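Biologist: I would like a close look at one part, the largest pocket, and then at what connects to it. Which residues are the closest to the centre of the largest pocket?

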Amino acid sequence: MARLTLETFGAWLLKCNPRVTDLSSLAEHGVATWCVQKNYRTALCDAGQPALLWVSGSTGATPTPGIWASGRLTGPADWHGAKYVVPLQLTFLEAPLPRTDLAAHPALGSLEVLNQPQMSNPSYLTTAEYAHLRELL
């Protein structure tokens, strides 16, 4: 897989495990930060960049795996307390965009999160992938 650059970057995809994160509370109270792994990708994070919230899970799981929210980063990733986080604002979708729909889409079936779901946060979409995804959102 090619290394991410600002030229190929489309949007950050931040993964959420619903077994350890209360999605109802996130939707009700909002999201101001998200934990990420400190690496070369987080060094690229900056205010204004698009961000998506991905809820993980197996096929047929409840809650539905897929994209649940979209928004923007409000600043670069930084060390806060005992963790590395990125500040953001997210708006939850009226209904999640299911992983099955993304996997079946001819331009989105190769998303990193579909092919390498165990990778650490953040994952990403390329410029072209994000353009196709915006059509679905």
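Modeller: I will start with the pocket and then follow some of its parts outward.

This is a predicted model, where local features need pLDDT of at least 70, side-chain atom pairs count only at pLDDT 80 or more, and totals for chains, interfaces and linings use all residues. Residues are numbered from 1 along each chain as its sequence is written, and side-chain values use heavy atoms, without hydrogens or water.

The largest pocket has a volume of about 350 Å³. A pocket here is an open set of points on a 1 Å grid over the protein atoms alone, where a 1.4 Å probe fits, with protein on both sides within 12 Å along at least five of seven lines. Points are joined across faces, edges and corners, and the volume is the space filled by probe spheres set on them.

The lining counts 17 residues; Lys 15, Cys 16, Trp 54, Ser 56 and Pro 117 are the closest to the centre. A lining residue has an atom within 4 Å of a point. Strand 1 (9-16) and helix 3 (112-115) each give two or more residues to the lining. These elements are DSSP runs numbered from the N terminus: helices are H or I, at least four residues, and strands are E, at least two. By class, the lining has 8 nonpolar, 7 polar and 2 charged residues. Ala, Val, Leu, Ile, Met, Phe, Trp, Tyr, Cys and Pro count as nonpolar; Asp, Glu, Lys and Arg are charged; the others, Gly among them, are polar.

Now take Cys 16. Cys 16 is buried, at 1% relative accessible area. Buried means under 20%, exposed over 50%, partly exposed in between (1.4 Å probe, protein chains only). Cys 16 makes no disulfide because the closest cysteine sulfur, in Cys 35, is 11 Å away, too far for a bond. A disulfide needs two cysteine sulfur atoms within 2.5 Å. The whole structure has 0 disulfides.

Next, helix 3. Its Glu 112 meets Arg 41 in a salt bridge through their side chains (2.6 Å, N to O). That term means a side-chain nitrogen of Lys or Arg within 4 Å of a carboxyl oxygen of Asp or Glu. Arg 41 sits in the loop between strand 2 (33-35) and strand 3 (50-55), 71 residues from Glu 112. Both residues are buried. The search of the whole structure finds 1 salt bridge.

Beyond helix 3, the loop to strand 7 (123-126) holds Pro 122. A cis peptide bond joins Asn 121 and Pro 122, with omega about 0°.
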